Amino acid sequence: MMNDLKKNVSDLKDEEEVGRYLDKLLNKEAFDHKGLIYGMGHAVYSLSDPRAQVFKSFVEKLAMEKGRDDDFALYAMIERLAPQIIAGERHIFKGVSANVDFYSGFVYSMLDIPLELYTPIFAIARIVGWSAHRIEELVNVDKIIRPAYDSVMEPRPYVHFAER
């Protein structure tokens, strides 16, 4: 998203121009046409994600050390503008805030991690939680409402550890 924003916004310090781009994102007119501002919103945290607030202070220090102050300022601007734009476009007034993943891609880029690894890193950090949710769902016989689970694995019999 940030590369697309940088290509399509001539003045990255102009809040109105950045705001218009965010509006285009929400209206499926920019980037991947999904209508999302990635890293904004969380199912539980509406006013703020405390993890994101803690993380942001470290991200700012890293950005200063790496000479990426302007990029950090752009992220901070988007974090400030997006909730207002989302509330207006989507009529979500409970609050929307940056989640812990909002700054993650920026950190990965500052650490020179290849773009191809961003999604695997995201998934690795969550696989235990996703697995726990699935086990909880199975144990409680579908009483927990979660997004649909669709296994992509071929069914295989369990092989005891000693027999592997």
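## A first look around the model

F122, I127, V128 and W130 come together as a nonpolar patch on the surface, and their combined accessible area is about 400 Å². One of these, F122, sits in helix α6. F122 counts as partly exposed because its relative accessibility is 34%, which falls between the 20% and 50% cut-offs.

Keep in mind that this is a predicted model. The mean pLDDT of the protein is 90, and 95% of its residues reach 70 or more. Among the elements, helix α2 (residues 15-26) has the highest mean pLDDT, at 96. The lowest belongs to helix α6 (residues 118-139), at 88, and that is the helix where F122 is found.

Next stop: helix α3. This helix covers residues 50-66, which makes 17 residues. From its first C-alpha to its last it reaches 25 Å, close to the 24 Å expected at 1.5 Å a residue. Which residues of α3 are buried? They are A52, V59, L62 and A63, and they pack against α4 (69-90) and α5 (104-110). E65 is also in helix α3, but E65 is exposed, with a relative accessible area of 67%. Counting along the sequence, E65 and R80 are 15 residues apart, while in space their C-alpha atoms are 23 Å apart. Just after α3 comes G67, which takes a positive phi of about 70°.

Now for the charged side chains. The structure holds 7 salt bridges, including the ones in this table.

| Salt bridge | N to O distance |
|---|---|
| K6 and D71 | 2.9 Å |
| D49 and R51 | 2.7 Å |
| D71 and R68 | 2.6 Å |

D71 turns up twice there: salt bridges that share partners join K6, R68 and D71 into one network. The side chains of K6 and D71 meet in a salt bridge. K6 lies in helix α1 (residues 2-8) and D71 in helix α4, so this pair ties together parts that are 65 residues apart in sequence.

How buried or exposed are the partners? D71 counts as buried, at 17% relative accessibility. K6 is partly exposed, with a relative accessible area of 35%, and R68 is partly exposed too, at 23%.

The pair of D49 and R51 has its own mix: D49 is buried, with a relative accessible area of 1%, whereas R51 counts as partly exposed, at 38% relative accessibility.

Key: Residues numbered from 1 in each chain as written. Predicted model: local features only at pLDDT ≥ 70, side-chain atom pairs only at ≥ 80, totals over all residues. Heavy atoms only, no water. pLDDT = per-residue confidence, 0-100. Helix = DSSP H or I, 4+ residues; strand = E, 2+ residues; numbered from the N terminus. Patch = residues over 30% accessible without salt bridge, like charges linked within 9 Å, V, L, I, M, F, W, Y side chains within 5 Å. Areas by Shrake-Rupley, 256 points an atom, 1.4 Å probe, with all protein chains shown as cover. Salt bridge = Lys/Arg side-chain N within 4 Å of Asp/Glu carboxyl O. Buried < 20%, exposed > 50% of the residue type's maximum accessible area, 1.4 Å probe, protein only. Expected span 1.5 Å × (residues − 1). Contact = heavy atoms within 4.5 Å.
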